[in-house]
Amino acid sequence: MQLCPAAKVFPMERKSGSWCGSGCGLVRLVEVEKVGNDMEFRPCIDIHNGKVKQIVGGSLSDEGDRAEENFVSGQDAAFYAGLYKGLGILGGHIIMLNARDSAYYEATKEQALCALQACPGILQIGGGIDADNAQEFLAAGASHVIVTSYVFRGGRIDYTNLEKIKKAVGREHLVLDVSCRRRGDAYYVVTDRWQKFTEEKVTFELLDMLCSYCDEFLVHAVDVEGMAGGIEEELVKLLGGWGKIPVTYAGGVGNYADLAKLKELGQGRLHVTIGSALDIFGGAMSLNQVLELIQQP
């Protein structure tokens, strides 16, 4: 498979304190090493209507392909993939936010494939993936595929599909997205681009049941996703108290105090994604400083 001609991968040197190479000029490089805990920064590339965006998660609607936008990038997805590669940041994820029957899906998919081809083996990908098309994305360079709606169907876990996707890609290449919204006093998995509630509560029992099928979990706290107004503390405590396989939390981190609280309440076990609040997406939080804070024991 040839590299997408739109890919813009800039040369970057890993020198502590130096600025990244030509064409970037967004953040300073730091040596990223885990010190004293297991927490990692996991970057994101969210693609909607063919563009890299940061949106308010709960506003996403398939009808009219609408979403409340916080940031629309002038750079393509391959630019961000190259940036993360240059910084030595692994384990990030691409999320394709259009439904497969959307008029924008092919443009969104093209952006995603360009990013994967630019940095093979570094990024995970999710959005409309099932047992039939998963291998296409792994062959294009994804380290893992991320799946939600295919395995949560009719409001429950579809074990037939769960077995199919595990067989198709192997446990070591599968991330289960258990992104959730609060209803009453519990958090429930949501599907179809976070628009539909299931009857599956996010509990230790659910995570125990699913972890034998996958390598990691990804959890967007959808009610606060894209709002940069604070984390879902009860959800963070729950996820941090489990800790059997890697879990990446996304949603609500808006400042360094939020990041410190996430680290504390998650017992240093949760990986973190920060979107709208980050300087590379128009926010006030420096990626350089985020990486430094996460390294601190």
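**Exercise 1. Describe the surroundings of Ser276, starting from the polar contact that its side chain makes.**

Solution. Step one is the contact itself: the side chains of Ser276 and Asn70 are joined by a polar contact of 3.0 Å. The model used in these exercises is a predicted one. Step two places the residue, since Ser276 is found in the loop between S15 and H8. Step three asks about exposure: the relative accessibility of Ser276 is 17%, and buried means under 20%, so Ser276 counts as buried. Step four lists the neighbours: leaving aside residues up to four places away in sequence, Ser276 touches Gln54, Asn70, Gly226, Phe281, Gly282 and Gly283.

**Exercise 2. Classify the ring pair of Phe71 and Phe281, and say which parts of the chain the pair ties together.**

Solution. Searching the whole structure gives four aromatic pairs. In the pair of Phe71 and Phe281, the ring centres are 6.0 Å apart and the planes stand at 70°; planes over 60 degrees apart count as edge-to-face, so this pair is edge-to-face. Next comes the position of each partner: Phe71 belongs to strand S3 (residues 69-72), while Phe281 belongs to the loop between strand S15 (271-273) and helix H8 (287-295), and the pair therefore ties together parts that are 210 residues apart in sequence. Phe281 is also buried, its relative accessible area being 2%. Finally, the rings can be grouped, for Phe71, Phe79, Tyr80 and Phe281 form one aromatic cluster.

**Exercise 3. Determine how much of helix H2 is buried and what its buried residues pack against.**

Solution. Begin with the dimensions: helix H2 (residues 105-118) has 14 residues and reaches 20 Å from its first C-alpha to its last, which is close to the expected 20 Å. Then consider its cover, where 11 of the 14 residues of H2 are buried, and the helix is mostly covered. The buried residues include Tyr105, Leu113, Cys114 and Leu116, and also Lys109 and Gln111. Last, look for partners: the buried residues of H2 pack against two helices, H1 (77-87) and H3 (134-139), and against strands S1 (44-48), S4 (93-96) and S5 (124-126).

**Exercise 4. Decide whether Thr191 is buried or exposed, and find what it touches.**

Solution. Thr191 has its place in strand S11 (residues 186-191). With a relative accessibility of 5%, Thr191 counts as buried. A polar contact of 2.8 Å links its side chain with that of Asp192. When residues up to four places away in sequence are not counted, Thr191 touches Thr148, Ser149, Phe152, Lys196 and Thr198.

**Exercise 5. Find the largest nonpolar core and the element that gives the largest share of it.**

Solution. A general tendency comes first: in soluble globular proteins, nonpolar side chains tend to be buried together. Here the largest nonpolar core has 85 residues, and those with the most contacts inside it are Phe41, Ile45, Ile125, Val145, Phe217, Tyr249 and Ile274. The largest share of this core, eight residues, comes from H1. Another core, of 10 residues, lies apart from it and has Ile55, Leu60, Ile95 and Trp194 among its members. For the chain as a whole, 58% of the 297 residues count as buried.

**Exercise 6. Locate the charged side chains that lie over the rings of Tyr188 and Tyr213.**

Solution. For Tyr188, the charged end of Arg183 sits over the ring, 4.3 Å from its centre. For Tyr213, Lys166 lies over the face of the ring, at 5.2 Å from the ring centre.

Conventions: Residues are numbered from 1 along each chain as its sequence is written. This is a predicted model: local features need pLDDT of at least 70, side-chain atom pairs count only at pLDDT 80 or more; totals for chains, interfaces and linings use all residues. Side-chain values use heavy atoms; hydrogens and water are left out. Helices (H or I, at least four residues) and strands (E, at least two) are DSSP runs, numbered from the N terminus. The expected span of a helix is 1.5 Å times one less than its number of residues. Buried means under 20% relative accessible area, exposed over 50%, partly exposed in between (1.4 Å probe, protein chains only). Contact means heavy atoms within 4.5 Å. Rings of Phe, Tyr and Trp (its six-membered ring) pair if their centres lie within 6.5 Å; planes under 30 degrees apart count as stacked, over 60 as edge-to-face and the rest as tilted. A charge sits over a ring if NZ of Lys or CZ of Arg is within 6 Å of the ring centre and within 35 degrees of the ring normal. A nonpolar core is a set of buried Ala, Val, Leu, Ile, Met, Phe, Trp, Tyr and Cys residues joined through side-chain atoms within 4.5 Å. A polar contact is a pair of N or O atoms within 3.5 Å; within protein, one must be able to donate a hydrogen and the other to accept it, and residues adjacent in sequence count only if both atoms are side-chain atoms.
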